[in-house]
Amino acid sequence: MQYRRFGRTEMRVSVFSLGLMRYMSDDPDVSAAVVHRAVEAGINHLETARGYGTSEELLGRALKGIDRGSVYLTTKARPRDTYDAFMKEFETSMAALGVDYLDNFGLHGINNEQVFRQATDERQTWRAIRRLMDAGTIRHIGFSTHGKTPLLLRTLDTGMFESINLHYYWFYQTHEPVVARAAELDIGVFIISPNDKGGMLYKPTEKLRKLASPFHPMNLNARWLLSDPRVHTLSLGAAVPGDLDQHLAVADRAGPLDDHERAALERWERTCREALGTDFCTQCQRCLPCPESIDIPELLRLRNAAVAFGMTDYGTYRYNLLDGSNDWFHGTTGDRCTECGECLHRCPEKLDIPKLLFDTHDLLKTGTGQRLWA
Ligand code: SF4
Ligand code: SF4
């Protein structure tokens, strides 16, 4: 297992962190076995959140068999409108975990302007954070986010946070300027769920797998991330201890990409461009904003992956989260395009954006698209 300095926190974290969100078994014995196996394998960063169902309780039980000083523990909770509401939430987490300090605490989901304001309100949530840090109950403070690049940059530039937990993968490189800024500010960079949100790489399409060969797509994506010294640790999930093995195959490899890895990534890139042809969206973001709040680059990113690699399951999974019901997923679906044409002159690739958005909707909402590329 390789370890990296987690930015200015000075924590030396393993390059893989055990994320206890979606894969945690409800069986306490199984979840404890996962945690213990991870620790035995050298993972020293365990991460959960108040919002992950019974995860904190299960992790608390698993921690009973582990030397507290041998692991870094992160939990997260959403900012609140009042000091008291935040403190109540925080105390619930601490009781569930059964610990008296956290190595790292994340303000969970600084996803939009409203949550940013809640998180940084010096009279409410931030006052609570400062008090907890002064008391040594929280040793380091970070934030997690599903927000857009400008908001992430702004949050980093407040100088209030020591680490960021964000989406950044081979299949989603939009936040590269955030990773660059975090490095300039010496902020720890922790990648959210690279195997699930990064492309459902634990069950890759046959095409993606063949193009990645001899590597597993999960390992190739992890190597792409970890060959970048600005990235410090990647979250991984496991339902049973054996799930960890595939991930940990690259846990000792932290150097630059070798020729074979580079060649496999070039095959992904080339295939994507060739399959999309003149419909390839470069993700430059210049088409935004859309008056209908359509996140054009994100929808076309999903279309790129579906068309090039057959990743319709992944695209459908992400696309159908765009129901406008919460701040974790931004924008509306492609069928809301009014064909106003405002985005067209901003696209350097001269894409027929409305046509591609309608096709994306057909493909990922109903499964009937393909008319543009069959
Ligand atoms: S044409 Fe469609 S996608 Fe483009 S700005 Fe108008 S509504 Fe948005
Ligand atoms: S401007 Fe064009 S190429 Fe750039 S993100 Fe928007 S649709 Fe894609």
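This report describes the cavities, a pocket and the aromatic contacts of a predicted model.

Residues are numbered from 1 along each chain as its sequence is written, and chains are lettered from A and ligands numbered from 1 in the order in which they are written. In this predicted model, local features need pLDDT of at least 70, side-chain atom pairs count only at pLDDT 80 or more, and totals for chains, interfaces and linings use all residues, while side-chain values use heavy atoms, with hydrogens and water left out.

## Enclosed and open space

Rolling a probe the size of a water molecule over the atoms shows where empty space is left. On a 1 Å grid over the protein atoms alone, a cavity is a set of points where a 1.4 Å probe fits but cannot get out; a pocket is an open set with protein on both sides within 12 Å along at least five of seven lines; and lining residues have an atom within 4 Å of a point. Grid points are joined across faces, edges and corners, and a volume is the space filled by probe spheres set on the points.

The count is 6 cavities of 30 Å³ or more. The largest cavity has a volume of about 300 Å³. Its lining comprises 19 residues, and His146, Glu298, Arg318, Trp328 and Phe329 lie nearest its centre. Two or more lining residues come from each of the elements α12 (296-309) and α13 (312-319), where helices (H or I, at least four residues) and strands (E, at least two) are DSSP runs numbered from the N terminus. Helix α12 gives the largest share of this lining, 3 residues. Domain 1 (3-257) and domain 2 (262-366) each contribute at least three residues to the lining of the largest cavity; the domain bounds come from an automatic or database domain assignment.

The second largest cavity holds about 100 Å³ of space. Of its 18 lining residues, Cys290, Pro291, Cys337, Cys340 and Cys343 are the closest to the centre. Helix α14 (residues 353-366) supplies the largest share of this lining, 3 residues.

The second largest pocket encloses about 320 Å³. Among its 16 lining residues, Trp170, Phe171, Gln173, Phe280 and Gln283 are the closest to the centre. Helices α11 (259-276) and α12 each supply at least two residues of that lining. Because domain 1 (3-257) and domain 2 (262-366) both give residues to the lining, the second largest pocket lies between them.

The table divides the linings by class: Ala, Val, Leu, Ile, Met, Phe, Trp, Tyr, Cys and Pro count as nonpolar, Asp, Glu, Lys and Arg as charged, and the others, Gly among them, as polar.

| Space | Nonpolar | Polar | Charged |
|---|---|---|---|
| Largest cavity | 7 residues | 6 residues | 6 residues |
| Second largest cavity | 12 residues | 2 residues | 4 residues |
| Second largest pocket | 8 residues | 5 residues | 3 residues |

## Aromatic contacts

Rings of Phe, Tyr and Trp (its six-membered ring) pair if their centres lie within 6.5 Å; planes under 30 degrees apart count as stacked, over 60 as edge-to-face and the rest as tilted. The structure holds 11 aromatic pairs. Tryptophan 126 and phenylalanine 161 form an edge-to-face pair, 5.3 Å centre to centre with 75° between the planes. Tryptophan 126 lies in helix α5 (residues 125-134) and phenylalanine 161 in the loop between α6 (149-157) and β8 (163-166), so the pair ties together parts that are 35 residues apart in sequence. Tryptophan 126 is buried at 7% relative accessibility, and phenylalanine 161 is buried at 1% (buried means under 20% relative accessible area, exposed over 50%, partly exposed in between; 1.4 Å probe, protein chains only).

Trp170, Phe171, Trp268 and Phe309 form one aromatic cluster.
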